[in-house]
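These are my notes on the model, set out as numbered points for a colleague who has the coordinates open. Please read each point against the structure itself.

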Amino acid sequence: MTKKESKEKRINDITDAAMEIFLKKGYENTTMESIAKKAGISKGGLYHHFKSKDMILIFVNQKISKKLEEIGHASMEMPSVKEGLLFYMENYLKYWLEHPVETTFLFLSITKILDNSELLKYYQQFTGDYIKYLEEAFKMGVEAGEFIPHDTMTSAVTLAAALDGIICYMFLDEQLNLEEVVKRFEEKFIKPIEKGV
């Protein structure tokens, strides 16, 4: 194992341990010592990588966000904007449904936003980027002649809100399956703006 791989493994061990303890004990009841113990490293070793549990919380959120960014990049490779948006919707929802620990961690993090200005800044940036990505996709659809001219910002904001909102309902209602939800989202967010439909 190279030094870089060793460092990456140690950081993954730390973040995995932290996520587990944050969810089990709650953020306030988690200590750097308990994270270090669970990760199998010394407290000093933990502080070498992260100065506080706030930093760990932010880092774990960034790690989760990278997976979502990968979905966004893959959606841009689709043959059409419509297919890209449908791919994004399906895989965004699928990610959260297949990663319930990360979903729970996201909700925990959201409760900490008001107490943590760095986490708040991170989520403001993430949300801005998320909406900008969706707005750019809708604009590309208009420019490519796939969509009629419309308020692309409104499309982006409402789609983002709907995607994030439906996640909770999908965990609570087993009748809301992924395929059906994506079809309904297509009917609501894509079909009304499609050219020639």
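1. I begin at the junction of two helices in what is a predicted model. Here Tyr95, Trp96, Leu97 and Glu98 of H5 meet Pro100, Glu102, Thr103 and Leu106 of H6, and by class this contact of H5 with H6 is made up of five nonpolar, one polar and two charged residues. The axes of H5 and H6 are 5 Å apart and the packing angle is about 95°, which makes H5 roughly perpendicular to H6, since angles of 65 to 115 degrees are counted that way.

2. Phenylalanine 171, which is found in helix H8, touches residues that also take part in that junction: leaving aside residues up to four places away in sequence, phenylalanine 171 touches Trp96, Leu97, Pro100 and Thr103. Phenylalanine 171 and tryptophan 96 are 75 residues apart in sequence, while their C-alpha atoms lie 9.7 Å apart in space. Is phenylalanine 171 buried or exposed? With a relative accessible area of 36%, phenylalanine 171 is partly exposed, because that class covers the range between 20% and 50%.

3. The overall architecture is helical, with nine helices and zero strands in the protein, and from the N terminus on the elements run α-α-α-α-α-α-α-α-α. Taken along the principal axes, the C-alpha atoms fill a box of roughly 65 × 40 × 30 Å. Of the 197 residues of the protein, 43% count as buried. Among the contacts with a separation of 6 or more, 65% are accounted for by residues 24 or more positions apart.

4. A general remark helps with the next two points: two packed helices are described by the angle between their axes and the distance between the axes. How do the axes of H4 and H5 cross, and at what angle? The axes of helix H4 (residues 53-75) and helix H5 (residues 81-98) come within 8 Å and cross at roughly 155°, and H4 and H5 are therefore roughly antiparallel to each other, the cut-off being over 145 degrees. The crossing of H4 and H5 is right-handed. On the H4 side the contact involves Ile64, Lys67, Leu68, Ile71, Gly72, Ala74 and Ser75, and these meet Gly84, Phe87, Tyr88, Asn91, Tyr92, Tyr95 and Trp96 in H5. By class, nine nonpolar, four polar and one charged residues make up the contact of H4 with H5.

5. H4 also packs against H6, at an angle of about 135° and with the axes 11 Å apart, which makes H4 oblique to H6. The crossing of H4 and H6 is left-handed, whereas that of H4 and H5 is right-handed. Leu57, Val60, Asn61 and Ile64 in H4 meet Glu102, Phe105, Ser109 and Lys112 in H6, and the classes in this contact of H4 with H6 are four nonpolar, two polar and two charged residues.

6. Turning to the interior, nonpolar side chains tend to be buried together in soluble globular proteins. Which residues touch the most other members of the largest nonpolar core? Of the 60 residues in that core, these are Ile56 and Leu85. Helix H1 (3-25), helix H2 (32-39), H4, H5, helix H6 (100-112), helix H7 (117-143), helix H8 (152-172) and helix H9 (178-190) each supply at least two residues of this core, and the largest share, 10 residues, comes from H7.

7. Leucine 85 and phenylalanine 138 deserve to be viewed together. Not counting residues up to four places away in sequence, leucine 85 touches Leu134, Ala137, Phe138, Phe147, Leu159 and Ile190. Phenylalanine 138 lies in helix H7 and, at 0% relative accessibility, counts as buried. With the same exclusion of sequence neighbours, phenylalanine 138 touches Leu85, Phe147, His150, Thr152, Ser155, Ala156, Leu159, Phe189, Ile190 and Ile193. The C-alpha atoms of phenylalanine 138 and valine 81 are separated by 7.6 Å, although these residues are 57 residues apart along the chain.

8. A last phenylalanine is worth inspecting: phenylalanine 107 is found in helix H6 and is partly exposed, with a relative accessible area of 35%. The C-alpha atoms of phenylalanine 107 and valine 157, which are 50 residues apart along the chain, are separated by 20 Å.

Conventions. Residues numbered from 1 in each chain as written. Predicted model: local features only at pLDDT ≥ 70, side-chain atom pairs only at ≥ 80, totals over all residues. Heavy atoms only, no water. Axes fitted to C-alpha atoms, helices over the stretch in contact; angles between N-to-C directions. Helix = DSSP H or I, 4+ residues; strand = E, 2+ residues; numbered from the N terminus. Parallel < 35°, antiparallel > 145°, perpendicular 65-115°, else oblique. Left-handed = near helix turned anticlockwise from the far one by under 90°. Contact = heavy atoms within 4.5 Å. Nonpolar A, V, L, I, M, F, W, Y, C, P; charged D, E, K, R; others polar. Core = buried A, V, L, I, M, F, W, Y, C linked by side-chain atoms within 4.5 Å. Buried < 20%, exposed > 50% of the residue type's maximum accessible area, 1.4 Å probe, protein only.
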